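Visitor: Hey, could you walk me through this model? I'm new to reading structures, so plain words please.
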Amino acid sequence: MLFASGCQSVREQRTTISFWGMGTEGERVKVLIPEFERTHPNIHVVVQQIPWTAAHEKLLTAYAGESTPDVCQLGNTWLPEFTMLKALEPLEPFLRQSSLVTLNDFFDGVLKTNIIDSTLYGIPWYVDTRVLFYRRDLLQAAGWSQPPKTWAEMMRLCASMKEQAKARGIKCYPLFLPTNEWVPAIALGMQAGGELLRQNKTLGNFSGPNFRKAFTLMADIYRNDYSPSGMQLIINLYNSFSDGLVAMYITGPWNIGEFSQRIAPDVRDKWMTAPLPSMDSTWPGASLPLGTSLVIFRQSRHKKEAAQLIEFLASREQSLAFYKITGNLPPRKSAWTDTSLANNRYIQAFYQQLQRLTPLPQVPEWEQIVIKLQLYVEHIATNTMTVDEALRRFDSDTDRMLEKRRWLVETGKIR
Amino acid sequence: MSTEKSYRRIVDRTAAAWLFLSPSLAAIAVFFVVPVLSALVMSFTDFDIYALGDLSVVRFIGFENYRRIFELPIFWSALRNTFYFVLVGGPLSVAVSLGTALMVNAKLTRFKPLFRTIFFLPVVTSLVAVAVVWRYLYHPAHGILNYLLSFAGIAPIDWLGNPAIAMPAIIVLAVWKGFGYNMLIFIAGLQNIPDELYEAAHMDGANAWRQFVDITLPMLTPTSVFVVMITIIGYFQLFAEPYVMTQGGPLNSTMSIVLLMYEQGFRWWNMGFAAAIAFVLFVVILIFTLLQMALQRRMQ
């Protein structure tokens, strides 16, 4: 330890920690750092921005090359993979006495994604889930003063909207369900119940009766032309939503900002958000706990300082500041009483939805599996495969991707 | 006596040659031979994300990776896309290079060094920077390309978003980026053709086209062989353009073998599988090059 002589500045004894932020967040978080450095004069933070498209490979190569940052923003679904690599530091010891971070203030479903084998590896930074965006006026015209609460209601609504449009000779897709997104398919599958992966998450369970229910529903939506089955049909979602070509769309919080800006002026106050419909009668239907967390890498040599940065960023105050500059939703329930959120009518649906989340299977292969799923969604959308065939193939693809995990579990190398 | 002396001189000279070569040989061994051999070994293992965390879980699986490559539908689309790029882009690039070389080298052309420099500029600029700029040129709403086309009454084209057009768009960029290099080599080849041949042909009454077909092309054969071979080998390794501009999309229409290999290797860390893809690509290039050489020999 070096003791500073009188004239040496504080600057020279500061500990420098590195923080990798992804995409827009990595850029905007820089605004919050001066306040942290002011309240923590002994710590200097270097923020590096990593584009999302290159983030995963960058992190893996950094891990392989032992050049990981101290603190990093990590997608919730990536945590199992980096935990398996033993790349992350358990956080509980650092945050146990924290007054700023109280774990029961986080939305339960989101916090759970950060706990792997009952160890906490990440602190939620912002949450993301999917809700229903809809045109209130169009639903009302079809005789619905409330958005559908079950999928059966949803199908009835779609049918009547489609019929009315046909009578008037116009084109209409009541529910836009993009074929290049896995989230709606998985959310539906989770709602239908049952595990997506079976036998200690070593085999696909998609052709089982539960997920089949979800996929059959989606196939019905495409076959009745309730949703366009190709991406080319909806070139600009915001235009299509303004024109009434699309009346409902399942999407995330970033679209609140986009819709407010990009929807045509005459329909600007005619859209609304609602929690997802449900497979059964328990509304709202479950959605997925997405978003990102803050983690400390095990190789970090400044874990104490790193934990202080996480503690700062995850505080109620800073998560609200972050919401104001990015539109990303705070993961802490107490933050939602702030007027900036409480007075935003589009955000209430997200608050309701965040109470009803189902955790995703925690396996390192998850990302590869869901990317594969998109292919089969496309197949049933374009009717090039039956639901049975698509799910059977998806299961066998999943089994193959999980082959190594199966072997490791069978030989007792992992639990 | 004298034979022994000259023999010793040869030995000395051989030793000296080895001495001079040794730095580069050492570099080749360390940075090429060793990695290639370890990649070959790796291609027979299931080295993956689990192995990154714990080396003891690597298994030798023989030819399993190779078998799985051929089962993978996306490999076949990547192979098809790569061949599309090589077979359309390669000849186009060579033709453009030859055309510009002829023009720049023509007797009537003025400011030759200026044109040579301008045409060569794209070659020395960073490919990633160029691809980023071209992404703006290709932008469906704000790109200058669509703006210019609008004067001709052509509706906006989604250059990189339309599966049928994305690959041609990438070919145009690649040709523009690379033709200057081959152009320089062609110019050197053209300058080696003796003027007397053209003078004699002129006296015999041969027009410009006949001169081109019967003098320029045959005299350029060694240059052309080199240019075509290097271009084809380079084009087989298509990577940076789709990586920066399209990420292999839309609908995998610009997914190339090397991009697939990169995704498997670095995105998913399926290193064993990615190494196997690398060797499959090596064999494809080898076969293609051998075919080309055989064809060349028969034509001569």
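Guide: Sure, let's start where the chains touch: 12 residues of chain B are in contact with 15 residues of chain A. Two residues count as in contact if their C-beta atoms, placed from the backbone, lie within 7 Å. Keep in mind that this is a predicted model, where local features need pLDDT of at least 70 and side-chain atom pairs count only at pLDDT 80 or more, while totals for chains, interfaces and linings use all residues. Residues are numbered from 1 along each chain as its sequence is written, and chains are lettered from A and ligands numbered from 1 in the order they are written.

Visitor: Which elements give two or more residues to chain B's side of that?
Guide: Those are α2 (49-53) and α12 (257-267) of chain B. Such labels come from DSSP runs, with helices (H or I, at least four residues) and strands (E, at least two) numbered from the N terminus. The largest share of that side, four residues, comes from α2(B).

Visitor: And how do the residues on B's side divide by class?
Guide: On the side of chain B that touches chain A there are seven nonpolar, two polar and three charged. Ala, Val, Leu, Ile, Met, Phe, Trp, Tyr, Cys and Pro count as nonpolar, Asp, Glu, Lys and Arg as charged, and the others, Gly among them, as polar.

Visitor: What scores does the model get?
Guide: It has ipTM 0.81 and pTM 0.84. For chain B, the mean pLDDT is 91, with 99% of residues at 70 or more. pLDDT is the predictor's confidence in each residue, from 0 to 100.

Visitor: Which elements of chain B have the lowest and highest mean pLDDT?
Guide: Among the elements of chain B, helix α6 (residues 127-137) has the lowest mean, 89, and helix α4 (residues 73-105) the highest, 95.

Visitor: OK, switching to sheets in chain A. What's the order of the five strands?
Guide: They go β2-β1-β3-β13-β6 in an open sheet of chain A with mixed pairing. Two strands pair if DSSP finds at least two bridges between them. At the edges sit β2 (43-50) and β6 (123-128) of chain A, each pairing on one side only. From one strand to the next, the twist averages 20 degrees.

Visitor: How many bridges join β1 to β2 there?
Guide: Eight bridges link strand β1 (residues 15-22) of chain A with β2(A), and the two run parallel. For example, A:Ile17 has A:Val45 of β2(A) as its bridge partner.

Visitor: Which helix lies across those strands?
Guide: That's helix α13 (residues 303-313) of chain A, lying across β1, β2, β3 (71-75), β6 and β13 (290-296) of chain A. It runs at about 150 degrees to β13(A). Axes are lines fitted to C-alpha atoms, for helices over the stretch in contact, and angles run from 0 to 180 degrees between N-to-C directions.

Visitor: What about the four-strand sheet, what's its order?
Guide: β8-β11-β7-β12 of chain A, again open and mixed. β8 (173-176) and β12 (271-274) of chain A each have a single partner strand, so one side of each is left without a neighbour in the sheet. Here the twist averages 15 degrees from one strand to the next.

Visitor: In what sense do β7 and β12 pair, parallel or antiparallel?
Guide: Strand β7 (residues 131-135) of chain A pairs with β12(A) in the antiparallel sense, over four bridges. One bridge matches A:Tyr134 with A:Met272 in β12(A).

Visitor: Now helices. At what angle do α17 and α18 of chain A cross?
Guide: Helix α17 (residues 366-381) and helix α18 (residues 387-401) of chain A cross at roughly 165 degrees, and their axes come within 10 Å. α17(A) and α18(A) are therefore roughly antiparallel. Angles under 35 degrees count as roughly parallel, over 145 as roughly antiparallel, 65 to 115 as roughly perpendicular and the rest as oblique.

Visitor: Which residues meet there?
Guide: Among them are A:Leu373 and A:Tyr376 in α17(A), and A:Phe394 and A:Met401 in α18(A). The residues of this contact divide into eight nonpolar, three polar and three charged.

Visitor: How do α10 and α18 of chain A pack?
Guide: Helix α10 (residues 209-223) of chain A packs on α18(A) at about 130 degrees, with the axes 10 Å apart. That angle means α10(A) and α18(A) are oblique to each other.
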